[in-house]
Amino acid sequence: MTDETRVRDDIARLSRSLFERGFSVGSAGNISAAVDDGILMTPTNSSLGSIDPGRISKLSRDGKHISGDRPSKEVFLHNAFYETRPQTGAVVHLHSTYATALSCLSDVDPENCIPPLTPYVVMRVGQVRLVPYVRPGDERAGDLIRDLKGQHAAVLLANHGPVVTGKDLTSAVYAAEELEETAKLLVLLRGAPVRLLSQANVDELKTVFGA
Ligand SMILES: [Zn+2]
């Protein structure tokens with residue numbers, strides 16, 4: 001089995017897992033992963049619940065469609081991360097419920113919209129920026145991500161949902177799940193007197209785990 005065959009199978013397996021656990025519904029959400037000679041991407045109008053590994057879109061590193069079905073219309077969100085964060089091996093974009101709920105609140109801190117509630121979100125996701133709203137399909141969202149110059153592994157698109165990266169597909173999926181679960185805690189705890197991790201706690205995680 002070639003590496004690309006394995007990555008295609010992993011995209012289909014992890015996409016289905018996310019769909020079956022309610023992290024995406026309908027045709028929402030898209031996933032990509034880097035391979036030696038390009039990027040594999042879930043096709044446009046496809047459900048994450050039924051991705052066919054053989055029909056996954058393949059794009060060249062400069063964004064040209066090489067093979068498979070046409071890629072997701074949100075491919076530019078993914079390309080912005082591959083271009084600005086060389087360590088990016090995979091990108092997961094979801095409209096998952098609680099992260100999207102947070103993205104609709106007018107009082108989140110746009111510089112740090114997922115505060116350090118647990119060590120796991122600090123280690124897996126890091127500081128998350130809010131990207132201002134643009135309509136679906138507006139490629140300016142890619143430019144807004146490029147403007148962050150690769151400093152963030154994840155962003156929340158305002159009134160839309162999260163885009164999360166990782167060094168490989170499994171890391172990106174785990175980070176997207178961690179972001180969603182933390183967003184759920186933040187929504188559940190709204191109005192309660194929350195004790196966040198201190199800056200010293202966050203610094204310790206960065207030192208010990210390289211977060
Ligand atoms: Zn979207």
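This section describes the zinc site, helix H6 and the surroundings of Ser47 in a predicted model.

The zinc ion is coordinated by protein donors from Glu74, His93, His95 and His160. Glu74 is listed twice, each time through an OE atom, whereas the three histidines each contribute NE2. The donor distances lie between 2.0 and 2.7 Å. Along the chain, the donors follow the spacing E-x18-H-x1-H-x64-H. Within this set, Glu74 and His95 link distant parts of the chain, being 21 residues apart. Glu74 is placed in the loop between strand E4 (65-67) and helix H2 (75-84), while His95 belongs to the loop between strand E5 (90-93) and helix H3 (97-103). The two residues were also assessed for solvent accessibility. Glu74 has a relative accessible area of 12% and is therefore classed as buried, the limit being under 20%. His95, at 33%, is partly exposed.

Helix H6 comprises 20 residues (169-188). At 1.5 Å a residue, a span of 28 Å is expected, and the end C-alpha atoms are 29 Å apart, so the two values agree. At the start of H6, the backbone nitrogen of Thr170 is approached by a side-chain oxygen of Asp168 to within 3.4 Å.

A further contact between a side chain and the backbone involves Ser47, which is located in the loop between strand E2 (38-41) and strand E3 (57-59). A polar atom of the Ser47 side chain lies 2.9 Å from the backbone nitrogen of Gly49. When residues up to four places away in sequence are not counted, Ser47 touches Phe19, Gly26 and Ser27.

Methods
Residues numbered from 1 in each chain as written. Predicted model: local features only at pLDDT ≥ 70, side-chain atom pairs only at ≥ 80, totals over all residues. Heavy atoms only, no water. Helix = DSSP H or I, 4+ residues; strand = E, 2+ residues; numbered from the N terminus. Polar contact = N/O pair within 3.5 Å; in protein donor to acceptor, adjacent residues only side chain to side chain. Contact = heavy atoms within 4.5 Å. Expected span 1.5 Å × (residues − 1). Donors = N, O, S within 2.8 Å, 3.2 Å for Na, K, Ca; no water. Buried < 20%, exposed > 50% of the residue type's maximum accessible area, 1.4 Å probe, protein only.
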